[in-house]
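User: Could you walk me through this one before I set anything up? I would like the conventions first, and then the layout.

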Amino acid sequence: MHSFNKSINYQDPSAEGYYGDFGGAYIPEMLYGNVETLKTQYLQIMQDPAFKAEVDALLKDYVGRPTPLFLAERLSKEIGATIYLKREDLCHTGAHKINNTIGQIILAQRLGKTKIIAETGAGQHGVATATVCALKGMECVVYMGEKDIERQAPNVARMKMLGATVVPATSGSKTLKDATNEAIRAWINEPNETHYIIGSVVGPHPYPDMVARFQSVISEEIRKQLKEKTGSELPTHVVACVGGGSNAAGAFYHFLNEESVELVAVEAAGYGVYSGMSAATTQLGKPGILHGSKSILMQTPDGQVVEPHSISAGLDYPGIGPLHAFLYESKRGTFMSATDEEALESAFHISKIEGIIPALETAHAFSVLPKMNLKPTDVVVVCLSGRGDKDLATYMQAMDLQK
Amino acid sequence: MSRLSELFEKQSKRVLNVYCTAGFPKLNSTLEVMGSLQSNGANIIELGMPYSDPLADGEVIQSSGNVALANGMTIDTLFEQLATMRNSIHIPVVLMGYMNPILQYGFEAFCKKAKEVGVDGLILPDLPLFEFEHLYGKTIKENGLDFVFLVTPETPEERLRKLDSLSTGFLYAVSSSATTGKDKDFSKVAVYLQRLQAMKLKNPVLVGFGIKDKETFDAVAAYSNGAIIGSAYINALSKSVSIEETTSQFLKSVLS
């Protein structure tokens, strides 16, 4: 089903940030200095033992890592395979996003930055950024689409309570894509003191690689935990939802070069892939450039970026990280999708049979399990990227409709 | 010799490049705006191709781009409009835009067509040096188009020299690291421009970002070959009832 090319190292992009044809740093000259500094220093900083120790200590005592790998017995029985859940929902702030913000805030300190900016869609990355800024006493400004601010009031309140300034993005479609534009512009306008914490494996090189590396703790732990539980470090499948693709990149990372492991990325199909209201980027997109990298992008025939739709704000992005575009193009990854309705169904079902209310994003990953033709001998790890508290309003609405 | 080189040979000081958005304020006002700019004293026209996500631009230019897109502007339509451009426009015309719409049009086809309609050069702020050298620069040169790189006060000298060596036509000096349409501290800008002058670059230098009136134009023209005005003119156009009247008043106030 999946294809594997032994000559490719899927983990590491080229020196200029390319995974195959995807990646690079398509940025205006005004950002060159900042991005170049990051590019020349991120690996060195990340490999410094003192840096690693500082990150690891916070991941352990503040975030609560390692997160459990949980054998979902009822789900396993139902699907007819062994299903493990990687419990990123148990991270502090309720999702995997903080793995990256912890790493980047310490990196920002090493670079001598005093101010942090970030973009956010649903607010999860904004909250994770505001949290680490509070922890480190750094000024924090979060850009958020005006529409998303209306839709995600609890997370806006959280960010404010944590001391962050939330700036509405009023340009374009007033959602995540525009919040990202505004954050990049803010960075252009004050590049010297500011570090931009991008929340996903998108943006100009080195962000996709840097964020993937900070999130790779997910698969590093999966390998150890699986070994303890099954005797083998390798599952047969890893399943994760993909918007920009940060939890998937983290869950796939240490399996990218393992031929036997099938990597399943689940995109949001919205009302249906071809309904015109979808965020299934690999199915609907073409190669293009957005937010500083070349990847697969949903766009009009004239190359204007299209506003996607998904019920989950975290998957509502017209692009996909360049690593994922490469996994798609090279067929190393298996790309599937789930509709809004399927995701809602899964969220309710998983809540009932496992006692875990997943985030709407994560619910998409569960929706494909019955379609994967799994065998009883298969061992599947699903990245349970976030908890569903933030989606309660949507879930309540769905329950009202079912009445 | 290219139109841009000819221009700078004749005029080395106070060259005024004015930015306008294709398809703004009306879909078919592109040539009217360009004609007005030419007859009222602009030396170069920087014609912006609208894009949904213009990272290097501020609010004013993005809004004009949104209007143009809503008007139905596309690269195809633009080239149709420009097909007769050289019947009336004799000053250099430089296309400014972002990579994605051009890639969808086809990069090579775009360069060919641009040359064919009489465009002189390109400014593509999200085409970086590495990709220019390895992928796209050759196509631009082969089609006889000038290419203008941006430099900023933070650009290190070695890189600045490289960007200058690869640019033709002129070099675009961003007055400070900022998006378009922001106010600047012009005493700092002067120090930066004097540094550029002392470097004896290959290309003439035009200064952009934050140039909005006579005062700011004079401030940077003193230490460069001229300047680029964008947001201030678009602002004036967006409130305008007559393109000719607005353009005439605007350029008079800048050049007086």
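Analyst: Conventions come first, then the domains, the two sheets, the core and the chain contact.

Analyst: This is a predicted model, in which local features need pLDDT of at least 70 and side-chain atom pairs count only at pLDDT 80 or more, while totals for chains, interfaces and linings use all residues. Residues are numbered from 1 along each chain as its sequence is written, and chains are lettered from A and ligands numbered from 1 in the order in which they are written.

User: Good. How is chain A divided into domains?

Analyst: Chain A has domain 1 (25–58 + 98–210) and domain 2 (66–95 + 216–402), with bounds that come from an automatic or database domain assignment. The centres of the two domains of chain A, taken over C-alpha atoms, are separated by 23 Å.

User: And how many residues of each are in contact?

Analyst: In chain A, 31 residues of domain 1 are in contact with 29 residues of domain 2, where contact means that C-beta atoms, placed from the backbone, lie within 7 Å. On the domain 1 side, α4 (97–110), α5 (124–136), α6 (146–151), α7 (153–161) and α8 of chain A each supply at least two residues; helices here are DSSP runs of H or I with at least four residues, strands are runs of E with at least two, and both are numbered from the N terminus. By class, that side of domain 1 of chain A has 14 nonpolar, 14 polar and three charged residues, with Ala, Val, Leu, Ile, Met, Phe, Trp, Tyr, Cys and Pro counted as nonpolar, Asp, Glu, Lys and Arg as charged, and the others, Gly among them, as polar.

User: Now the sheets. What is the strand order in the one with six strands?

Analyst: That open sheet of chain A runs β3-β4-β14-β9-β10-β13 with mixed pairing, and two strands pair if DSSP finds at least two bridges between them. At its edges stand β3 and β13 (333–339) of chain A, each with a single partner strand, so one side of each has no neighbour in the sheet. Ignoring direction, neighbouring strands of this sheet are turned by 25 degrees against each other on average.

User: Why is β14 of chain A called largely enclosed?

Analyst: Because six of the six residues of β14 (379–384) of chain A are buried, a residue being buried if 20 or more other C-beta atoms lie within 10 Å of its own, exposed if 12 or fewer, and partly exposed in between, with C-beta atoms placed from the backbone. A:Val379, A:Val381 and A:Cys383 point one way from the strand, and A:Val380, A:Val382 and A:Leu384 point the other way.

User: Which strands does β14(A) pair with, and over how many bridges?

Analyst: Six bridges join β14(A) to β4 (82–87) of chain A in parallel, with A:Lys86 partnered by A:Cys383. Three bridges join β14(A) to β9 (237–241) of chain A, also in the parallel sense, and there A:Val239 has A:Val382 as its bridge partner.

User: What lies across that sheet?

Analyst: Helix α14 (340–354) of chain A lies across β10 and β13 of chain A, at about 85 degrees to β13(A). Helix α15 (360–367) of chain A lies across β9, β10, β13 and β14 of chain A, at about 140 degrees to β9(A). Axes are lines fitted to C-alpha atoms, for helices over the stretch in contact, and angles run from 0 to 180 degrees between N-to-C directions.

User: Back to an edge: how does A:Leu71 count, buried or partly exposed?

Analyst: A:Leu71, which lies in β3 (69–71) of chain A, counts as partly exposed because it has 14 C-beta neighbours inside 10 Å.

User: And the four-strand sheet?

Analyst: That open sheet has the order β7-β6-β5-β8 in chain A, with parallel pairing, and its edge strands are β7 (165–169) and β8 (194–197) of chain A. Strands β5 (115–120) and β6 (139–145) of chain A pair over six bridges, and five of the six residues of β5(A) are buried.

User: Which residues touch the most other members of the largest nonpolar core?

Analyst: They are A:Ala240, A:Val266 and B:Tyr172, in a core of 207 residues, such a core being a set of buried Ala, Val, Leu, Ile, Met, Phe, Trp, Tyr and Cys residues joined through C-beta atoms within 7 Å. At least three residues come from each of domain 1 and domain 2 of chain A.

User: Last topic: how many residues does each chain give to the contact?

Analyst: Chain A gives 28 residues and chain B gives 31 residues. On the chain A side, α8(A) gives the most, with six residues, and that side divides into 13 nonpolar, ten polar and five charged residues.

Terms used: Two residues are in contact if their C-beta atoms, placed from the backbone, lie within 7 Å.
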